[in-house]
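Hi,

Here is the structure I promised to pass on. Have a look at it first, and then read my notes below.

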Amino acid sequence: MCGATCASMADALTRCIDAISNVFKRQESIIWSGQNACDIPCYPIKPLDPHVIGACTGPLSGLSHIHLDNDGPNVPVPAAGIADWNIQLSEAIGISISLYDHKVGGGAGRHGDPNADVYAVIARPNNAILAVADGCNWGPKPRQAAKCAANGSVQHLNELLFGSSAPSSTQEVVQVILDSFNSAQKSIVRNGGTTTTLCVAVVCELVKPQGDLRWGLCVVSVGDSPCFVWQNTTRQVLEVTSAAHEGHNRDMRDSGGCLGTSVGDEPDLGNLICSFTLLAEGDIVFVTSDGVSDNFDPVTLHEGATTHGPSASPPVSLPVLTPDQRQAGLIANLTQVIRGIKPQLKNEPIHAWELKEAIVKHVIDVTDNQRACMESSLKSVDDPELSTVERRARELEFKEKLKTMGGKLDHATLAVYEVCRYHDSCA
């Protein structure tokens, strides 16, 4: 057992080292970050084509039906400037699932319902919008906050990114995204939501390509919903929003910032970050909730330990990771899963739908044991023949067992876009 554990640890550390050494293989893999649009490089961009060739939102009605008393059907309706949210394009997709355990007994569904995450992806011939909002805590009010944030932001972007007053540079795009967060905040307060994270990414085409890099990725985020890029040319992953937590240990109990009613009617912009990087054709941009990203974290997976947060009492056999090592391990795990889609075909590009399926499979697989243990525990302690003492003993037994299991039960949400100049006929 010890030998297997050591081998696993060695493998994890090797992946961390590989991630650090490979991150600079593509010289242009530079990420600019700051708190204002002026911190982002000013590349002129081509006029943004307004014709929608792909659009999706979810889960269920997604960013539509933002009123709590009228959630409407479980399908998206015209909203946020998009007439049809069911325009299928395999390069612009999203998904949101629950990793929580199923309820036992008469109740249907899962613990953690309703799913308080929201995603939206809109593809146009030379640009794209991706948004993920993750309502903080459980219940209808956080869900309302997430729906309002995504709705308000995307509505603002669809109004301001196109037409005579459209942005002409990457800096101006970032400013429009920042302004859309004001719209998101107002919508949350106006419609009775509580708090939510929000990450919004806009892909745009540059006037002057930087070598093979013809595209810019402009991102604004608050909270712990990160944005990543898979580079098909280097077979590496970058986290574009890494500056939001750089040098700090992740704490799964604290998103670090949020929109909504954090202090009165004001948001917490403690980790608001603007980020930018250049993209090549075939790169895949994906924005996730922390229910996805945390399930690649080496501490969550029990590949390493931390002295901070809910995992601050590590098993003695695990190495304690610095924040930078922990981040490198997360990127290494993500890279390994995506590379594993086509391990023998290194020159064969990976596509958006393949990346989505691989990531979803991973987060389900690494939480399977914990989910099964929770469901077994609930059935076991529900036995009416048990005394109070026996029931308490079983609860403690399952609690100790859960501590040995990696993974994190949460809602897992993913918005994905494959970079390319699409023709209007794609839809």
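One cut-off before the rest: I call a residue buried when its relative accessible area is under 20%, exposed when that area is over 50%, and partly exposed in between. Also keep in mind that this is a predicted model.

First, how far to trust it. The average pLDDT of the protein chain is 88, and 87% of the residues score at least 70. Residues 1–6 have a pLDDT below 50, and beyond near neighbours in sequence that stretch has one contact in the model. Residues 16–27 are also below 50, though this stretch has 20 contacts beyond near neighbours in sequence. Where pLDDT is low, the predicted coordinates should not be read in detail.

Now the overall picture. The protein chain has seven helices and 14 strands. Of its 427 residues, 55% are buried. If you take the contacts with a separation of 6 or more, 77% of them are between residues 24 or more positions apart. The chain exposes about 18100 Å², and carbon and sulfur atoms supply 53% of that.

Two of the helices are worth a click. Helix α2 (residues 140–160) reaches 30 Å from its first C-alpha to its last, close to the 30 Å expected for its 21 residues. It is mostly covered, with 16 of those 21 residues buried. Helix α5 (residues 323–339) has 17 residues and reaches 24 Å, close to the 24 Å expected. Twelve of the 17 residues in α5 are buried, including Arg326, Gln327, Asn333 and Thr335 alongside Leu330, Ile331 and Val337.

On to the charges, which I suspect you will open first. There are eleven salt bridges in the structure. One of them pairs Lys46 with Glu205, with the closest N and O atoms 3.5 Å apart. Lys46 sits in the loop between β1 (32–34) and β2 (54–58) while Glu205 is in strand β6 (residues 195–210), so this pair ties together parts that are 159 residues apart in sequence. The two ends differ in cover: Lys46 has a relative accessible area of 31% and therefore counts as partly exposed, whereas Glu205 is buried at 2%.

Glu205 also meets Arg214 in a salt bridge, at 2.8 Å from N to O. Arg214 is partly exposed, because its relative accessibility is 26%.

For a local pair, try helix α6. The side chains of Asp365 and Lys361 form a salt bridge there (2.6 Å, N to O), and the two residues are four apart in the helix, about one turn. That spacing makes sense: an α-helix has 3.6 residues a turn, so residues three or four places apart point the same way. Asp365 is partly exposed, with a relative accessible area of 39%, and Lys361 is exposed at 52%. Elsewhere, salt bridges with shared partners join Lys46, Glu205, Arg214, Glu281 and Arg421 into one network.

Finally, an oddity. Which side chain of opposite charge is nearest to Lys356? It is Glu357, 5.6 Å away, and Lys356 has no salt bridge even though it is buried. Lys356 also belongs to helix α6, which covers residues 352–381. Leaving out residues up to four places away in sequence, Lys356 touches Ile93, Ile95, Leu414 and Val416.

Shout if anything looks off at your end.

Cheers

Note on methods
Residues numbered from 1 in each chain as written. Predicted model: local features only at pLDDT ≥ 70, side-chain atom pairs only at ≥ 80, totals over all residues. Heavy atoms only, no water. Buried < 20%, exposed > 50% of the residue type's maximum accessible area, 1.4 Å probe, protein only. Lys, Arg positive; Asp, Glu negative; His and termini not counted. Salt bridge = Lys/Arg side-chain N within 4 Å of Asp/Glu carboxyl O. Contact = heavy atoms within 4.5 Å. pLDDT = per-residue confidence, 0-100. Expected span 1.5 Å × (residues − 1). Areas by Shrake-Rupley, 256 points an atom, 1.4 Å probe, with all protein chains shown as cover.
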